[in-house]
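Please take a moment to look over the sequence and the 3D structure below, and then follow the paragraphs that come after, which go from rings to core to sheet.

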Amino acid sequence: VQLQASGGGLVQAGGSLRLSCAASGRTFSSYLMGWFRQAPGKEREFVSHISWNGGSTYYADSVKGRFSISRDNAKNTIYLQMDSLKAEDTAVYYCAADPQGSNPQAMFVMGPLYAYWGQGTQVTVSS
């Protein structure tokens with residue numbers, strides 16, 4: 001599986017952006033997908049993940065109520081709608097994928113569980 005994230009950019013605080021992550025491979029629709037981010041000088045952190053069919057989503061407390069994850073399996077793409085952006089949301093955002101297997105979805109806040117990663121897209125929020 002190859003992942004290509006896009007949609008990042010520069011936005012003012014309070015604004016919105018929508019990130020996309022396009023995946024290659026026939027098995028995309030069976031994969032759990034996640035978003036992570038890494039700010040300069042900080043460790044990578046979990047943002048959100050979505051189950052293979054979109055029926056279950058999970059968010060970090062820092063983005064809950066402002067970000068929304070979704071997927072379109074027909075287009076092999078997931079999205080991260082980011083509203084009410086804050087300066088502290090500034091980071092490189094990465095999408096990730098994993099077959100999930102027998103692991104509970106709740107465990108997928110941990111980056112090492114993901115088998116595939118995209119290249120990242122920069123989001124900069126000016127205050």
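**Rings, core and sheet**

In this predicted model, a search of the whole structure finds seven aromatic pairs. Take the pair made by Phe 108 and Tyr 114, whose ring centres lie 5.4 Å apart and whose planes meet at 85°, so the pair is edge-to-face, given that planes over 60 degrees apart count as edge-to-face. Both residues are also buried, because Phe 108 has a relative accessibility of 0% and Tyr 114 has one of 5%, where buried means under 20%. These two residues belong to one aromatic cluster, which is formed by Phe 36, Phe 46, Tyr 58, Phe 108, Tyr 114 and Trp 117.

Rings can also have a charged group placed over them, and Phe 36, a member of the cluster, is an example, since the charged end of Arg 44 sits over its ring, 5.8 Å from the centre. Elsewhere in the sequence, Arg 71 lies over the face of Phe 28, at 4.7 Å from the ring centre.

From the rings we can turn to the core. In soluble globular proteins, nonpolar side chains tend to be buried together. Here the largest nonpolar core holds 35 residues, and those that touch the most other members are Met 33, Trp 35, Phe 67, Leu 80, Met 82 and Tyr 93. Several strands give two or more residues to this core, among them strand 1 (3–6), strand 3 (17–23), strand 7 (67–72) and strand 8 (77–82), while the largest share, five residues, comes from strand 9. Which residues does Met 33 contact, leaving aside its neighbours within four places in sequence? They include Leu 3, Cys 21, Phe 28, Ile 50, Ile 69, Arg 71, Ile 78, Ala 96 and Tyr 114, and in this list the reader will recognise Phe 28 and Arg 71 from the ring and charge described above, as well as Tyr 114 from the edge-to-face pair.

The last step is the sheet. Strands of a sheet pair through backbone hydrogen bonds, either parallel or antiparallel. In this model, four strands form an open sheet in the order 1-3-8-7, and their pairing is antiparallel. Strand 1 and strand 7 stand at the edges with a single partner strand each, so one side of each is left without a neighbour in the sheet. From one strand to the next, the twist averages 15°. Looking at one pairing in detail, strand 7 and strand 8 run antiparallel and are joined by six bridges, and Ser 68 stands opposite Gln 81 in strand 8.

Key. Residues are numbered from 1 along each chain as its sequence is written. This is a predicted model: local features need pLDDT of at least 70, side-chain atom pairs count only at pLDDT 80 or more; totals for chains, interfaces and linings use all residues. Side-chain values use heavy atoms; hydrogens and water are left out. Rings of Phe, Tyr and Trp (its six-membered ring) pair if their centres lie within 6.5 Å; planes under 30 degrees apart count as stacked, over 60 as edge-to-face and the rest as tilted. Buried means under 20% relative accessible area, exposed over 50%, partly exposed in between (1.4 Å probe, protein chains only). A charge sits over a ring if NZ of Lys or CZ of Arg is within 6 Å of the ring centre and within 35 degrees of the ring normal. A nonpolar core is a set of buried Ala, Val, Leu, Ile, Met, Phe, Trp, Tyr and Cys residues joined through side-chain atoms within 4.5 Å. Contact means heavy atoms within 4.5 Å. Two strands pair if DSSP finds at least two bridges between them. Axes are lines fitted to C-alpha atoms, for helices over the stretch in contact, and angles run from 0 to 180 degrees between N-to-C directions.
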